[in-house]
Amino acid sequence: MVFDAFISLFQNLIATYGYTALFFASIISASTVIIPMPLYVLIFFASGLGLNPLIVSIVSGIGSGIGEMTGYLVGIGSGKVISKSLHKKIKKVDEFKNFIKRYGFFAILVIGILPFPFDVAGIIAGAANLGMKRFLLAAIISKIIKTLMIAYAGYF
């Protein structure tokens, strides 16, 4: 019953606002973990309802990449807190931080494609002082690749 209402809402958003709805939904979905939004369901339905899957993936990938900047900015602001408080409890945070420092752009690119909580990668990338432009570019490219697969699955 609730799932049917969700599907109906998504169909109406797509029919009314198209790519614009996808762009803003992508930003909102990627910028917060507090308000869960099933973005990939929306992308799947958008392509199934006739929107071009390539454009769907580009629009939602750019929106998601922009939305991921919130995690990155949190990481920049909390870099010292992460290093001091979490390092004592979780040694893996330091290892992940070193991994991001070492592989930078390519690490973010791969992590963004994998089914991995990307917010964690964004926070660690900010804490590791990965360049903002590099992070944003890697996030956008990885999100476009990931959503391209989902968009074409919905299309077919």
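Which helices each supply at least two residues of the nonpolar patch? In this predicted model, the helices are H3 and H8. The patch lies on the surface and covers about 680 Å². Its members are Leu54, Ile58, Ile62, Ile66, Tyr152, Tyr155 and Phe156. H3 gives the most, with four residues.

Helix H3 was examined next. H3 has 15 residues. From its first C-alpha to its last it reaches 20 Å, close to the 21 Å expected at 1.5 Å a residue. At the N-terminal end, Asn52 acts as a cap. A side-chain oxygen of Asn52 lies 2.8 Å from the backbone nitrogen of Leu54. Leu54 itself belongs to H3 and is also part of the nonpolar patch. Leu54 counts as partly exposed, because its relative accessibility is 43%, and partly exposed residues fall between 20% and 50%. Other residues of H3 are buried, among them Val56, Val59, Gly63 and Gly67. An α-helix has 3.6 residues a turn, so residues three or four places apart point the same way.

The structure holds one salt bridge. Lys143 pairs with Glu68, and their closest N and O atoms are 3.6 Å apart. The pair links distant parts of the chain, 75 residues apart. Lys143 sits in helix H8, which spans residues 132–155. Glu68 lies in the loop between helix H3 (53–67) and helix H4 (69–77). Lys143 is buried, because its relative accessible area is 5% and buried means under 20%. Glu68 also counts as buried, at 5% relative accessibility.

Key
Residues are numbered from 1 along each chain as its sequence is written. This is a predicted model: local features need pLDDT of at least 70, side-chain atom pairs count only at pLDDT 80 or more; totals for chains, interfaces and linings use all residues. Side-chain values use heavy atoms; hydrogens and water are left out. A salt bridge is a side-chain nitrogen of Lys or Arg within 4 Å of a carboxyl oxygen of Asp or Glu. Buried means under 20% relative accessible area, exposed over 50%, partly exposed in between (1.4 Å probe, protein chains only). The expected span of a helix is 1.5 Å times one less than its number of residues. A polar contact is a pair of N or O atoms within 3.5 Å; within protein, one must be able to donate a hydrogen and the other to accept it, and residues adjacent in sequence count only if both atoms are side-chain atoms. Patches are made of residues with over 30% relative accessible area and no salt bridge: like charges are joined within 9 Å, nonpolar side chains (Val, Leu, Ile, Met, Phe, Trp, Tyr) within 5 Å. Accessible areas come from the Shrake-Rupley method with a 1.4 Å probe; for residues, only the protein chains shown count as cover.
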